[in-house]
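Here are my notes on the packing in this model. Please read them alongside the coordinates.

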Amino acid sequence: MNDTPLSLVHRAVPRAAATAGRFATGVGRLPVWDLADLYPSPDSPELKADIDRARKNSQAFEKAHKGKLAKMSGRKLGTTIAEYERLDEVLTRIMSYAGLLYSADMSHAEHARFFQSMQETVTNISTHLLFFSLEINRIDDRILDTKLKDKVLKPYAPWLRDTRAFRPYQLDDALEKLLLEKAVAGRSAWVRLFDETVADLKFPVDLPDGKKEMGSAEALNLLSNKDEAVRKAAAKSIGAVFGANARIFALITNTLAKDKEIEDRWRSFPRPVSSRNLSNHVEDEVIDALVAAVRDAYPRISHRYYRMKAKWLGKKRLDHWDRNAPLPDDDDRVIPWKDAVGTVLDAYGHFSPDLASVGRKFFDNDWIDAPVRPGKAPGAFAHPTVPSAHPYLLVNYQGKTRDVMTLAHELGHGVHQVLAGAQGHLLSDTPLTLAETASVFGEMLTFRKILDGATDERTRRVMLANKVEDMINTVIRQVAFFDFEQRLHDKRREGELLVDDINEIWLGVQGESLGPAIRFDDDYKYYWSYIPHFIHSPFYVYAYAFGDCLVNSLYAVYQGAEAGFAEKYLNMLRAGGTLRHQELLAPFGLDASEPAFWQKGLGVIEGLIDELEAMQ
């Protein structure tokens with residue numbers, strides 16, 4: 001699941017150019033999104049007018065307000081922030097359109113050029129707005145507290161709180177402007193190189209009906225094929241192709257890690273992860289407690305489960321291409337798109353008709369891009385765009401049960417983004433740790449709905465096993481990814497890493513997390529190359545584990561709750577970025593700063609494994 005925040009690449013293609021793959025085998029007609037709600041086309045008069053207006057208005061904004069914020073009344077500061085909010089929303093709309101356009105076909109040279117030119121244009125315009133947050137952060141606390149008594153400014157208090165959290169790490173204005181302007185030729189350019197390199201890769205796989213070349217999304221999907229020979233052929237091809245390109249991926253990884261280390265050092269962040277935690281509004285010690293709890297649970301969860309799975313598949317050990325293999329009792333049927341949509345919306349509606357009503361908008365309108373296509377971004381994401389428009393979802397639907405769960409996951413993000421949009425552009429953005437709450441909760445609702453309808457023990461066993469594997473991928477595997485990033489960034493501070501150095505770190509964390517029941521061949525050492533989160537958003541991955549454990553605890557409260565839980569849950573989503581995790585979880589009696597919180601969430605996974613063991 002490639003959920004991406006606004007700072008990452010959010011990309012897509014016009015409707016007329018995105019028809020290939022709309023009718024995949026057995027899944028039926030798949031939707032392709034229509035970006036006209038943002039702009040009609042890259043050369044539309046509407047887009048040109050917004051760019052010209054944003055350039056003119058940002059210059060006027062800087063001229064009118066620079067150097068004057070501290071002396072403004074609370075009312076005046078409030079109206080000025082509202083003016084800034086309108087300007088920033090236009091720029092976000094532009095980049096959302098350019099990013100979504102790019103996403104659906106990253107191999108299209110014109111879309112890549114347009115995306116890059118929009119990045120440069122928006123960055124240029126943004127230099128006139130950069131002073132605003134820097135100057136706000138220099139206002140004395142006592143003076144700002146007095147201003148916040150005004151009712152016009154008060155609604156922006158959460159945004160001011162989060163903006164000012166970066167005060168200790170702020171550089172002088174000239175350096176901040178330099179970093180902003182250089183980003184398009186630095187970090188952003190390396191991210192684009194990664195995306196386009198992956199999009200252009202072709203993976204030759206020996207299939208029963210002959211050799212076929214495919215993109216990374218299709219090749220990775222074959223790792224859950226029922227035929228072991230197909231899984232092995234796909235795994236070998238993935239390892240070989242990424243291995244052949246390992247030097248360029250190592251160069252990208254080394255460069256971005258060094259870039260981060262330099263900026264972290266200048267800003268005096270104590271650890272590589274500290275800036276991510278600050279942007280997520282979560283304390284370092286909370287994440288340390290999460291990671292420690294998950295690492296401690298490796299033997300009780302992943303090691304134990306994969307030993308069981310090896311027995312089910314009649315093996316002493318699983319090869320890494322068997323990790324996501326269907327169980328022998330799994331019918332491995334293709335699930336048509338319309339059935340997947342019905343399943344997810346029924347599950348949402350059973351919990352809350354209001355939740356399902358918002359979710360249905362994504363299917364009734366052209367807000368989802370579902371087919372697999374050459375050049376399309378792999379994985380899946382939900383992009384909020386701007387409150388004056390609506391979110392868009394990208395999935396690569398191939399009819400597997402996991403694809404249904406991915407749809408439920410991304411729809412949860414989309415519904416969350418719609419509900420939070422009422423807070424306005426500056427206050428609707430949710431920190432990553434809580435941004436995964438609605439998505440994972442949507443998955444859980446869908447899973448429980450399907451499980452409740454299972455009529456025999458064999459079906460229940462397959463479903464429970466699939467859910468455990470999803471949870472392992474969401475919690476154990478993502479914390480292992482996080483551990484990999486920490487080790488890599490720490491090691492990079494000592495000097496550039498060779499491909500073999502990165503491979504060694506990768507294999508080390510994979511062995512620790514997955515356990516002795518998994519066997520890795522030589523090709524697997526290159527699998528770190530395809531994880532986009534390492535490149536797009538360092539240390540993003542722990543948000544999945546945070547969200548899964550949080551939802552496990554939240555769902556346990558829901559199962560024992562009286563009437564009113566659904567409305568409290570919807571209010572939590574509506575809050576957007578106005579509240580921190582302590583305030584959002586308090587109505588449910590939960591506290592993520594307590595070690596028992598993480599144990600409770602992990603205990604849900606252990607309980608499912610207990611059920612599976614009892615069925616043997």
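1. Strands β6 and β8 (residues 392–394) run parallel and are joined by 2 bridges. One residue pairing to check: I368 has L393 in β8 as its bridge partner. Bear in mind that this is a predicted model.

2. The sheet is open and has 3 strands. Their order is β6-β8-β7, with mixed pairing. The edges are β6 (368–369) and β7 (381–383), and each of these pairs on one side only.

3. Two helices deserve a look against this sheet. Helix α2 lies across β7 and β8. The direction of α2 is at about 155° to β7. Helix α17 (residues 401–420) also packs on the sheet, where it touches β7 and β8. The direction of α17 makes about 15° with that of β7.

4. Next, the helix pair. The axes of α2 (residues 74–103) and α3 (residues 109–126) come within 9 Å. They cross at roughly 160°. Angles over 145 degrees count as roughly antiparallel, and α2 and α3 are therefore roughly antiparallel to each other. The crossing of α2 past α3 is left-handed.

5. Which residues of α2 meet α3? From α2 come L91, I94, M95, Y97, A98, G99, L101 and Y102. They meet H111, A112, F114, F115, M118, Q119, V122, I125 and S126 in α3. By class, the residues of this contact comprise 13 nonpolar and 4 polar, with no charged ones.

Notes
Residues numbered from 1 in each chain as written. Predicted model: local features only at pLDDT ≥ 70, side-chain atom pairs only at ≥ 80, totals over all residues. Heavy atoms only, no water. Axes fitted to C-alpha atoms, helices over the stretch in contact; angles between N-to-C directions. Helix = DSSP H or I, 4+ residues; strand = E, 2+ residues; numbered from the N terminus. Parallel < 35°, antiparallel > 145°, perpendicular 65-115°, else oblique. Left-handed = near helix turned anticlockwise from the far one by under 90°. Contact = heavy atoms within 4.5 Å. Nonpolar A, V, L, I, M, F, W, Y, C, P; charged D, E, K, R; others polar. Pairing = 2+ DSSP bridges.
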